[in-house]
Amino acid sequence: MKQLLTCLLLASTVSAAIPPVSTYDSDARAWAKNKIPSVTNTVSDLDYAVTTELLNFMKTRGLRSKVKRMQLYAPSCGLQSMRYPVIADTGPVGVTDSDNIQNFVEGDYTTTGLTGNGSSKLISTSLKLGSFGSVYNLHFGVYNRTSGTISGVEIGNGEGSSIAQIAVNYTGNGTIWQSCAASYVLVTESSGVGCYMGSVTASDFAGIYKNGGLWGSFTNPGCALPDWSVFVYARNYSGVTDQYSSRQLCFYTIGLAINPDMNLYYYRAVQFAQRRWSRAL
């Protein structure tokens, strides 16, 4: 009996030393309990849990403050959920907490993501990079599930020679990260699937990351920030839409600079969510 009591006491001590996993996040709750039910069906328990876990992780790693807009394409939510990203910071004049869906239909949205058509479908955010305050402080990212080579920009905007965009395996020449300048980095690849992020972190450094690892960089990213709303599945070039994409995406992110360590943390968190939804690549 004495040995049993000792074992129970030790087990209790060890258990008490491990804090419980948080099951609450204010951003996740506002999204799941208010925003999504206002436009479509309710969020499943799994989707709510995955979203909460991701946001909690982001806050422990200092990532939340870097992300101005993030869409997770939760499997249970349907097309109309694309109107409300999980993270949608407002603040600057004209920046709203919602996105505008253009020409997509319900059949384009499945449990694995939302698919463009390369000619007319896009998501318009209200984010303008000019509100970020510095050309050396931004990131774009997408998680692409479509292999092969196409002509199109997955996320971007531009004006004159000031262009910020990611184009995945563009016409077979490689994946491009161009950040507000005529200069860019292009990395050759054969399939073009995975999680891509481009970030400018200093006046002499702009890098593209694939699946959390630095993939390529260039040293002269400076110019004026394009002051047009950022589009997903296309590019907003001086108020005219061009470079439509037909990729299937299941995540996008827009925000401030993310350094290499943070980029790896961010990827791991996003990839964990994709695994929980059985659609990770």
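In the predicted model, residue G207 finds its bridge partner in strand β14, where S217 takes that role. The pairing to which this bridge belongs joins strand β13, spanning residues 205-210, with strand β14, spanning residues 213-218, and the two run in the antiparallel sense over five bridges. In a regular strand, side chains alternate between the two faces of the sheet.

The hairpin formed by β13 and β14 has two residues between the strands, and within this hairpin N211 takes a positive phi near 50°. The residue lies in the loop between β13 and β14, and its positive phi of about 50° occurs although N211 is not a glycine. With regard to solvent, N211 has a relative accessibility of 30% and therefore counts as partly exposed, since the partly exposed class lies between the limits of 20% for buried and 50% for exposed residues.

A positive phi is also found at Q243, where the angle is about 55° although this residue, too, is not a glycine. Q243 is placed in the loop between β17, which covers residues 240-242, and β18, which covers residues 248-255. Its relative accessibility is 26%, so that Q243 likewise counts as partly exposed.

At the level of the whole chain, the secondary structure comes to four helices and 18 strands. The C-alpha atoms, taken along the principal axes, fill a box of roughly 80 × 40 × 40 Å. The radius of gyration of the chain is 20 Å, which agrees with the value near 19 Å that a compact globule would have with 281 residues. Of these 281 residues, 50% count as buried. Among contacts between residues at least 6 apart in sequence, 65% join residues that are at least 24 apart.

The area that the chain exposes is about 11600 Å², of which carbon and sulfur atoms supply 53%. As for the charged groups, the chain carries 21 positive and 17 negative charges, and the mean positions of these two sets are 7 Å apart.

Technical notes. Residues numbered from 1 in each chain as written. Predicted model: local features only at pLDDT ≥ 70, side-chain atom pairs only at ≥ 80, totals over all residues. Heavy atoms only, no water. Pairing = 2+ DSSP bridges. Buried < 20%, exposed > 50% of the residue type's maximum accessible area, 1.4 Å probe, protein only. Rg over C-alpha atoms; globule rule 2.2 N^0.38 Å. Contact = heavy atoms within 4.5 Å. Areas by Shrake-Rupley, 256 points an atom, 1.4 Å probe, with all protein chains shown as cover. Lys, Arg positive; Asp, Glu negative; His and termini not counted. Charge placed at Lys NZ, Arg CZ, Asp CG, Glu CD.
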